[in-house]
Amino acid sequence: MNVAEYMSELGQKARAASRLMARADTGSKNAALDAMARVLDASREQLAAANQKDLENGRANGLDAAMLDRLELTPARIDTMIEGLRQVASLPDPIGGITDMNYRPSGIQIGKMRVPLGVIGIIYESRPNVTVEAASLCLKSGNATILRGGSEAIHSNHAIAACVSQGLTEAGLPAEAVQVVETTDRAAVGELITMPEYVDVIVPRGGKGLIERISSDARVPVIKHLDGICHVYIDDQADKSKAINIAINAKTHRYGTCNTMETLLVNRAVAAEVLPELAEHYAELGVELRGCAATRELLPQVNEASEEDWATEYLAPILAVRVVDNMAEAIEHINRWGSHHTDAIITENYTKARAFLREVDSSSVMVNASTRFADGFEYGLGAEIGISTDKIHARGPVGLEGLTSQKYVVLGDGQVRQ
């Protein structure tokens, strides 16, 4: 069987499973999620062994530190996967809910019912935990899914997929509701994104090159973001302690994530007060700073920032720093150079905070909080299937509701149109 035939077979199975999932009751879906959590917990040794193979292969193949970090399945990350499954199980089931019911002059009632999207294709690199997150959200929202992980995580993904399949089977749901593509042939991606007869939505998670290619070539709607160029702006009315703590956390909590701060903006009135202290912390943590002229006057040791730095998602211990005259200049910088992902202001001025929330054109905008909170788990979604910076259907972390649509329902009592 060639790749095209193989992917077509997966698509047919997924479409059939999606019809069963659309009518699955909440109890069965939650039972499957609970079973997956139990199986994962009991399979820690197998998961660790499979992940170790991927890490060893990754080092041998020259994967960089950020990619290896994404690939690693630590005990804490397995704990997070298990907790994510249980949290999704505890969330309300969105499917079948009817809202906005109202009577029309004709006597009919009109409302909207929440329904699954159908079959969701998910393409991702490195992070094997995505297998669980995607499976849980697609399952609870009544969808079937086809998962195509990167070749660098093939052993980890297969080990996780076995746990997912067992959980579905124990709950009496079709194992084909979650299928992991077994081939590492890149042609599989090309097939997956051009099967509108079987796949309703594509969600790519990975590097910019992957997402650009999928967005360009797909014949199926895509939920995506390209870059995570996130900013923190320290206002002249910021609490210094909050500003220092947030700026350190937003950059150094993890370097290889899309919600990591890549550019720090500091109001000129407080730059001399906060930048030297921040520079000391960053130096201790091994973060390279690249600054504008005003930054370098305060921190002569800092490298000069270019325009390219303002437009770069480093995913590494590198931070661009710019001194701005006011909040308006900070907002202008963010809206010009940012990726509409996540941006934060540190201020004690309520009016400025409201203006920042209103004027920054990003999928998540924060006040006095680290950009690292911008993910589905922290937002109470249980897990996320990705983050969307598009402006239609879903925006920001995409959880259960983002994997559903609505259809109009009409209730009558024999009415005919006059």
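Contact here means heavy atoms within 4.5 Å. The structure on display is a predicted model.

**First stop: helices α2 and α7**

Select residues 26-42, which form helix α2, together with residues 154-170, which form helix α7. The two axes come within 8 Å and cross at roughly 140 degrees. Angles over 145 degrees count as roughly antiparallel and those from 65 to 115 as roughly perpendicular, with the rest oblique above 35 degrees; α2 and α7 are therefore oblique to each other. The crossing of α2 past α7 is right-handed.

Next, display the side chains where these helices meet. From α2, choose Ala32, Ala35, Met36, Arg38, Val39 and Leu40; their counterparts in α7 are Cys163, Val164, Gln166, Gly167, Leu168 and Glu170. By class, the residues of this contact comprise 8 nonpolar, 2 polar and 2 charged.

**Second stop: Ala42**

Remain in helix α2 and select Ala42. Is this residue buried or exposed? With a relative accessibility of 62%, Ala42 counts as exposed, since the threshold for that class is over 50%. Now add Glu359 and draw a C-alpha to C-alpha distance from Ala42: the two residues lie 48 Å apart in space and 317 residues apart in sequence.

**Third stop: a sheet of 3 strands**

Turn to the open sheet ordered β1-β2-β16, whose pairing is antiparallel. Select 98-103 for β1 and 404-411 for β16: these strands stand at the edges with a single partner strand each, so one side of each has no neighbour in the sheet. From one strand to the next, the twist averages 20 degrees.

Finally, select β2, residues 109-116, which runs antiparallel to β1 and is joined to it by 4 bridges. Within this pair, Ile98 stands opposite Met113 of β2.

Notes:
Residues numbered from 1 in each chain as written. Predicted model: local features only at pLDDT ≥ 70, side-chain atom pairs only at ≥ 80, totals over all residues. Heavy atoms only, no water. Axes fitted to C-alpha atoms, helices over the stretch in contact; angles between N-to-C directions. Helix = DSSP H or I, 4+ residues; strand = E, 2+ residues; numbered from the N terminus. Left-handed = near helix turned anticlockwise from the far one by under 90°. Nonpolar A, V, L, I, M, F, W, Y, C, P; charged D, E, K, R; others polar. Buried < 20%, exposed > 50% of the residue type's maximum accessible area, 1.4 Å probe, protein only. Pairing = 2+ DSSP bridges.
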